[in-house]
Amino acid sequence: MRNMIVAALMAVVLTGCQSKEAMMNLAQLEEFASRYAAAWSSQNPASVAEFFAPNASLQINDGEPSVGRAEITAAAESFMTALPDLVVVMDEVSLNGNQAVFHWTLTGTNTGPGGTGNSVRGSGYEEWTLGADGLVAQSKGRFDAAEYDRQINE
């Protein structure tokens with residue numbers, strides 16, 4: 001029995017050490033977030049999905065989460081199609097354990113199919129849960145959708 005308890009404690013300690021080693025430091029997170037913003041600006045929606053674990057989820061505002069890289073690619077593609085000149089800039093990123101918050105500003109012109117030709121500018125953030133693999137396991141994003149729609153349709 002004592003050996004089982006010791007083995008269990010060792011497993012907990014080793015798991016804790018491994019997860020700490022796998023966590024990003026702030027400099028690594030800033031570099032990751034900068035590359036993520038560039039992916040959103042690339043007009044290559046699959047490059048956005050590459051920042052997510054294979055079964056990760058991306059939820060935008062209170063919408064249904066996009067689960068898996070194919071659905072995340074489709075979500076990114078919808079913004080890139082509406083705003084073919086989309087540029088996303090990282091404003092700031094913070095880290096607390098395996099939780100990160102990525103603040104961004106986007107600009108673009110709604111010249112995609114059926115577009116109005118109007119320019120948009122808006123800010124928002126994503127709350128990330130980072131996996132041991134260094135990828136986003138879950139993202140909950142928020143932005144002012146009413147303001148975004150107003151700018152597109154005005």
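**View 1. The whole sheet, strand by strand.** In this predicted model, six strands line up as an open sheet in the order β2-β1-β6-β5-β4-β3, with mixed pairing. The edges belong to β2 and β3, each with a single partner strand, so one side of each has no neighbour in the sheet. Strands of a sheet pair through backbone hydrogen bonds, either parallel or antiparallel.

**View 2. The hairpin of β3 and β4.** Here β3 (residues 87-96) and β4 (residues 99-109) run antiparallel, joined by nine bridges. Val-87 sits opposite Thr-107 of β4. Two residues lie between the strands, and Gly-97 takes a positive phi near 65°.

**View 3. On to β5.** β4 also pairs with β5 (residues 119-130), again in the antiparallel sense, over 11 bridges. Look for Thr-107 once more: Arg-121 in β5 stands opposite this residue.

**View 4. The parallel pair, with helices on the sheet.** β1 and β6 run parallel and share five bridges; Gln-59 is found opposite Lys-140 in β6. α4 packs on the sheet and touches β1, β2, β4 and β6, its direction making about 45° with that of β1. α2 lies across β1, β3, β4, β5 and β6, and runs at about 155° to β3.

**View 5. Helix α4 and its buried side.** A quick sanity check: at 1.5 Å a residue, the 14 residues of α4 (residues 69-82) should span 20 Å, which agrees with end C-alpha atoms 20 Å apart. Ile-72, Thr-73, Ala-75, Ala-76, Phe-79 and Met-80 are buried in α4. These residues cover an arc of only 160° around the axis, which puts them on the same side of the helix. Their packing partners include α3 (45-49) and α5 (145-153).

Methods
Residues are numbered from 1 along each chain as its sequence is written. This is a predicted model: local features need pLDDT of at least 70, side-chain atom pairs count only at pLDDT 80 or more; totals for chains, interfaces and linings use all residues. Side-chain values use heavy atoms; hydrogens and water are left out. Two strands pair if DSSP finds at least two bridges between them. Helices (H or I, at least four residues) and strands (E, at least two) are DSSP runs, numbered from the N terminus. The expected span of a helix is 1.5 Å times one less than its number of residues. Buried means under 20% relative accessible area, exposed over 50%, partly exposed in between (1.4 Å probe, protein chains only). The arc is that of the directions from the helix axis to the C-beta atoms. Contact means heavy atoms within 4.5 Å. Axes are lines fitted to C-alpha atoms, for helices over the stretch in contact, and angles run from 0 to 180 degrees between N-to-C directions.
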